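The following exercises are to be worked with the sequence and the coordinates at hand. Each task is followed by a solution in steps.

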Amino acid sequence: MADIVIDVRELRKTYRTPFRRKKVEALRGISFTVERGHIFGFVGPNGAGKTTTIRTLMGLIRPSGGTATILGHQIPSRTARSHVGFLPESPYFYDYLTIGELLDLAGRLFGIDRVERKRRADALIDRVGLDRARSQSLKKFSKGMLQRAGLAQALMNDPELVVLDEPTSGLDPIGRKEVRDLILELRDQGKTVFFSSHILTDIEAIADRVAIVARGSLQSLGTPAELVKRTVLGIDVKVRISDDADIAALSNSGSHVRRTAGELAVTLSADADLEAWLEIAHAAGAKIVSIEPRHETLEDLFMRQIAGADASAGATDGRV
Ligand SMILES: Nc1ncnc2c1ncn2[C@@H]1O[C@H](COP(=O)(O)OP(=O)(O)O)[C@@H](O)[C@H]1O
Ligand SMILES: [Mg+2]
């Protein structure tokens, strides 16, 4: 059996606002497991319940129902916590510290001795590319630099499991790529990474498994490839053709017909007779450039499921 690092069963959380009458069902019974050595992507729109799930796993809030274990320990667990690196959603750092001081502080909280603290801090500062910002205080750091400082801080205890809440939020495309590369590097070192994002492309590119969450419920769970239905939505065919060729017969059988200089692009329906179409094209003097099946993308699936969750939640806006 696979080694399970996070095991979440029927987790529920209802927030009660001070005005008692309003309850928010942030988690409506979420279950999933995360295997050791995996990058697990937790994706969903704002308000889906990602941060609530993560804060519950980190022992920061109490669930209203359900159970969860981290590294085999029931939450909340101090023992488990000491083997977990955590980057909160909007980390707050004392902004008069330098990166070295921030990491030293994090190391002390984990009871790491002075020599080892220095060794780890130096290595991590290098690794997240903040070497040249060593003497600056954190208040001079850009959003991207702060995010990298937060990542370094989360790695000071050399964790088995790294939990990152929206590590790429607020970053430009280069910053996002850097964070993704760092996550891949962590997996290469044998660590397990659980990270959330509302940006699907961040997760699609690197995750071994993905959970899509909306309105406090899991919409789907699986590898990126499993989640995308391998149904063929259509067949994109592109042919080279002379400008005076008669293309009526070719165009009629397809949709999305585009004719550009010397080229004709047609999308045939999934059940179209491709062979017959190619014969007509050949007779008209066309040369095939490309034939590509069009599949549903993870983005298509994501949009479909969020729309579905909205429809089933009706106008309650997650409140009961
Ligand atoms: N402390 C809180 N008190 C009341 N409602 C909250 C609290 N924190 C989050 N919520 C609500 O719970 C739902 C899920 O929020 P959250 O877990 O932050 O989602 P996400 O991280 O996916 O954006 C939202 O409707 C949010 O408004
Ligand atoms: Mg959040």
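**Exercise 1: The sheet**

In this predicted model, an open sheet of four strands runs in the order β2-β1-β4-β5 with antiparallel pairing. Identify which strands form the edges of the sheet, and state over how many bridges β1 and β2 pair.

Solution.
- Step 1. An edge strand pairs on one side only, and this holds for β2 (23-35) and β5 (73-74).
- Step 2. Strand β1, residues 4-16, is joined to β2 in the antiparallel sense over 10 bridges.
- Step 3. As a point of register, R12 stands opposite R28 in β2.

**Exercise 2: The magnesium site**

Determine which residues coordinate the magnesium ion (ligand 2), and locate them in the chain.

Solution.
- Step 1. The coordinating atoms come from T51 (OG1) and E89 (OE), at 2.0 to 2.6 Å.
- Step 2. T51 belongs to helix α1 (residues 50-57), whereas E89 lies in the loop between β6 and α3; the pair links distant parts of the chain, 38 residues apart.
- Step 3. T51 has 23% relative accessibility and therefore counts as partly exposed. E89, at 33%, also counts as partly exposed.

**Exercise 3: Salt bridges**

Classify D202 as buried or exposed, and do likewise for R180, after establishing how the two side chains meet.

Solution.
- Step 1. The side chains of D202 and R180 meet in a salt bridge, with an N to O distance of 2.9 Å.
- Step 2. D202 is in helix α7 (residues 200-204) and R180 in helix α6 (residues 173-188), so the bridge ties together parts that are 22 residues apart in sequence.
- Step 3. Buried means under 20% relative accessible area. D202, with 0%, is therefore buried, and R180, with 18%, is buried as well.
- Step 4. A further group, K118, D122, D131 and R134, is joined into one network by salt bridges that share partners. Within this group, the closest N and O atoms of R134 and D131 are 2.8 Å apart.
- Step 5. In helix α4 (residues 114-127), R120 and E116 are four residues apart, about one turn of the helix; they form a salt bridge.

**Exercise 4: A nonpolar patch**

Which residues make the nonpolar surface patch of about 520 Å², and where does Y92 lie?

Solution.
- Step 1. The patch is made by Y92, Y94, Y96 and L105.
- Step 2. Y92 is found in the loop between β6 (84-87) and α3 (99-109).
- Step 3. The cut-off for exposed is over 50% relative accessible area; Y92, at 68%, therefore counts as exposed.

Key:
Residues numbered from 1 in each chain as written. Chains lettered and ligands numbered in written order. Predicted model: local features only at pLDDT ≥ 70, side-chain atom pairs only at ≥ 80, totals over all residues. Heavy atoms only, no water. Pairing = 2+ DSSP bridges. Helix = DSSP H or I, 4+ residues; strand = E, 2+ residues; numbered from the N terminus. Patch = residues over 30% accessible without salt bridge, like charges linked within 9 Å, V, L, I, M, F, W, Y side chains within 5 Å. Areas by Shrake-Rupley, 256 points an atom, 1.4 Å probe, with all protein chains shown as cover. Salt bridge = Lys/Arg side-chain N within 4 Å of Asp/Glu carboxyl O. Buried < 20%, exposed > 50% of the residue type's maximum accessible area, 1.4 Å probe, protein only. Donors = N, O, S within 2.8 Å, 3.2 Å for Na, K, Ca; no water.
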